[in-house]
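I opened this notebook to record what I looked up, entry by entry, beginning with charged side chains and ending with the nonpolar interior.

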Amino acid sequence: MIKYDYKIYEREKYMKIFISHASQYDYVNKIYEPIKQSEMYKNNEIILPHDENKLLNTKEIIKNCNLMIAEVSLPSTGQGIELAWADLFEIPVLCIYKKGEKISSALKFITNDFIEYDTIDDMINKITNFVEDF
């Protein structure tokens with residue numbers, strides 16, 4: 001059973017979205033900053049787990065989210081654990097990856113939702129459209 005716990009926020013769907021990524025990825029410049037400048041960030045609660053330098057219990061955070069967006073261009077053991085938690089808690093997962101990157105075939109057992117992107121702007125536009133249609 002998938003949980004859809006929407007709150008009404010200025011006549012928009014309000015969701016709690018966890019962003020997952022490899023720690024080796026340049027997540028500040030390629031994910032966090034572009035997301036913070038997007039309308040999606042203004043209209044939803046976006047959890048950027050490495051935004052502040054503190055230890056988070058991501059298992060509990062993921063358990064209470066409506067959606068996980070996972071940047072899967074680079075393999076990551078920690079991200080694999082987070083994806084397994086999302087699957088365990090039946091949290092929908094959107095996997096995004098840079099065009100030309102070879103992603104793990106095991107991801108197809110977690111989700112059917114994949115977005116390939118060319119540029120940072122392309123990534124933001126595609127995930128914004130996905131979230132709006134969710």
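**Charged pairs and nonpolar cores**

I began with Lys-36, which counts as partly exposed because its relative accessibility is 26%. The model I am reading is a predicted one, and I keep that in mind for every entry below.

Next I looked for the partner of Lys-36, and found that its side chain meets that of Glu-33 in a salt bridge, with 3.9 Å from N to O. Both residues lie in helix H1, which spans residues 27-36, and they are 3 residues apart, about one turn of the helix. Glu-33 has a relative accessible area of 33%, so I noted it as partly exposed as well.

I then asked how many salt bridges the structure holds. The count is 5, and I followed some of them further.

Lys-99 forms a salt bridge with Asp-118, and the closest N and O atoms of this pair are 3.9 Å apart. Lys-99 sits in the loop between strand S6 (93-98) and strand S7 (113-117), while Asp-118 sits in the loop between S7 and helix H5 (120-133), so the pair ties together parts that are 19 residues apart in sequence. For Asp-118 I wrote down a relative accessibility of 39%, which makes it partly exposed.

In helix H5 I looked up Lys-126 and Asp-122, whose side chains meet in a salt bridge at 3.2 Å, N to O. They are separated by about one helical turn, because they are 4 residues apart in H5. Which of the two is buried, and which is partly exposed? Lys-126 is partly exposed, with a relative accessible area of 32%, whereas Asp-122, at 17%, falls under the 20% limit and therefore counts as buried.

I also noted a network, in which salt bridges that share partners join Glu-33, Lys-36 and Asp-51.

Turning to the interior, I found that the largest nonpolar core has 23 residues, and that Ile-17, Ile-19, Ile-35, Ile-69, Ile-96 and Ile-127 have the most contacts inside it. At least two residues of this core come from each of strand S3 (16-21), H1, strand S5 (67-71), S6, S7 and H5. H5 gives the largest share, 5 residues.

I picked out Ile-17 and listed what it touches, leaving aside residues up to four places away in sequence: Asn-44, Glu-45, Ile-46, Ile-47, Cys-65, Leu-67, Ile-69 and Val-131.

My last entry concerns another core, lying apart from the largest one, which has 17 residues, including Phe-18, Ala-70, Ile-91 and Tyr-97.

Terms used
Residues are numbered from 1 along each chain as its sequence is written. This is a predicted model: local features need pLDDT of at least 70, side-chain atom pairs count only at pLDDT 80 or more; totals for chains, interfaces and linings use all residues. Side-chain values use heavy atoms; hydrogens and water are left out. A salt bridge is a side-chain nitrogen of Lys or Arg within 4 Å of a carboxyl oxygen of Asp or Glu. Buried means under 20% relative accessible area, exposed over 50%, partly exposed in between (1.4 Å probe, protein chains only). A nonpolar core is a set of buried Ala, Val, Leu, Ile, Met, Phe, Trp, Tyr and Cys residues joined through side-chain atoms within 4.5 Å. Contact means heavy atoms within 4.5 Å.
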